[in-house]
Amino acid sequence: HNVYLSERICGICNAAHTTTYCQAIERLADVEVPDRARYIRTILCELERIQSHLLWAGVAAHEIGFDTLFMLFWRDRELVLDLKEMISGGRQLSASNTVGGVRRDVKPEFVPKILRALEKIEKATKYYIDVYTSDRTILARCTGVGVLTKEDARKLCAVGPTTRASGVDVDIRRDDPYAAYDEISFEVITEREGDVLAKVIVRLLETLESIRITRQALEALPRGPLRTKVPPQIQPNEVTERIEAPRGELFY
């Protein structure tokens, strides 16, 4: 029941919530998740990060009055929602995680479709980076605006892309690996300026890294079961668990 509830804490990053919750219960139950499930969780989390970042960048474009760019971002975000629907049946809530593993498989026939969609998103994201770094209206409205300094980012405990845009080099995927992240190579993206433009660029560059991670996970996807049987009764205890959700550290 709690997996069902945790998935509804946030519609945008629901897989992040269920991943964190399930990992916490798995630690309590001393259950080892199958390798295939770890990789599928990684794929789902990175697809979710892509759609979250595209949504955020689109809203940023809307807020500065560039509604055409907003609609283009959300058009490309649809490609990711189509992939989520193909894998799980749900465009937004994937209902894939469960204690002990995952409910949904990434079937072999899904892989070429995912790769084709990622190629389109990669091409579009590179174009958006060019737009955000060259359009004079965007530069005028984003450069030097909303600056969060590195010192304030640390003092105020900012997390995720927001703090990385202020030059704080932190990412739970690298610093405290979970799922399959310790078996996959990727770069932690940081910018130094801390302004709105830096916050956008970090998310767009992270989108490219998420595409890279997803491709690696698909290529190395192990064979085997999707879930491990969990004992119906777990001894009372206490654990903490954290992951790098799209907007930063998520702590249970």
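The exercises below, each with a worked solution, deal with single residues, salt bridges and a pair of packed helices.

The structure is a predicted model, in which local features need pLDDT of at least 70 and side-chain atom pairs count only at pLDDT 80 or more, while totals for chains, interfaces and linings use all residues. Residues are numbered from 1 along each chain as its sequence is written, and side-chain values use heavy atoms, with hydrogens and water left out.

**Exercise 1. Place Thr42 in the structure and decide whether Thr42 is buried or exposed.**

Step 1: Thr42 belongs to helix 3, which covers residues 35-63; helices (H or I, at least four residues) and strands (E, at least two) are DSSP runs, numbered from the N terminus.

Step 2: Thr42 counts as buried because its relative accessibility is 0%, where buried means under 20% relative accessible area, exposed over 50%, and partly exposed in between, with a 1.4 Å probe and protein chains only.

Step 3: When neighbours within four places in sequence are set aside, Thr42 is in contact (heavy atoms within 4.5 Å) with Ala179, Ala180, Tyr181, Ile184 and Ile213.

Step 4: From C-alpha to C-alpha, Thr42 and Thr19 are 9.3 Å apart in space, and they are 23 residues apart in sequence.

**Exercise 2. Carry out the same kind of description for Glu26.**

Step 1: Glu26 is found in helix 2, residues 14-29.

Step 2: With a relative accessibility of 5%, Glu26 counts as buried.

Step 3: Beyond the neighbours within four places in sequence, the residues in contact with Glu26 include Val31, Arg41 and Thr98.

**Exercise 3. How many salt bridges does a search of the whole structure find, and where do Asp176 and Arg242 lie?**

Step 1: Side chains of opposite charge can pair when their charged atoms come close. A salt bridge is a side-chain nitrogen of Lys or Arg within 4 Å of a carboxyl oxygen of Asp or Glu, and the search of the whole structure gives 24 of them.

Step 2: One salt bridge joins the side chains of Asp176 and Arg242, at 3.2 Å from N to O. This pair links distant parts of the chain, 66 residues apart, with Asp176 in the loop between helix 9 (172-175) and helix 10 (196-219), and Arg242 in strand 3 (residues 242-245).

Step 3: Asp176 is partly exposed at 34% relative accessibility, and Arg242 is partly exposed at 29%.

Step 4: Glu209 and Arg212 form a salt bridge through their side chains at 3.1 Å, N to O; both lie in helix 10, three residues apart, about one turn of the helix. Glu209 is buried at 13% relative accessibility, whereas Arg212 is partly exposed at 33%.

**Exercise 4. Describe how helix 5 packs against helix 10.**

Step 1: Helix 5 (residues 111-134) and helix 10 pack at an angle of about 160°, and their axes are 10 Å apart; axes are lines fitted to C-alpha atoms, for helices over the stretch in contact, and angles run from 0 to 180 degrees between N-to-C directions.

Step 2: Helix 5 and helix 10 are therefore roughly antiparallel, since angles under 35 degrees count as roughly parallel, over 145 as roughly antiparallel, 65 to 115 as roughly perpendicular and the rest as oblique.

Step 3: In the contact of helix 5 with helix 10, the residues divide into 16 nonpolar, four polar and four charged, where Ala, Val, Leu, Ile, Met, Phe, Trp, Tyr, Cys and Pro count as nonpolar, Asp, Glu, Lys and Arg as charged, and the others, Gly among them, as polar.
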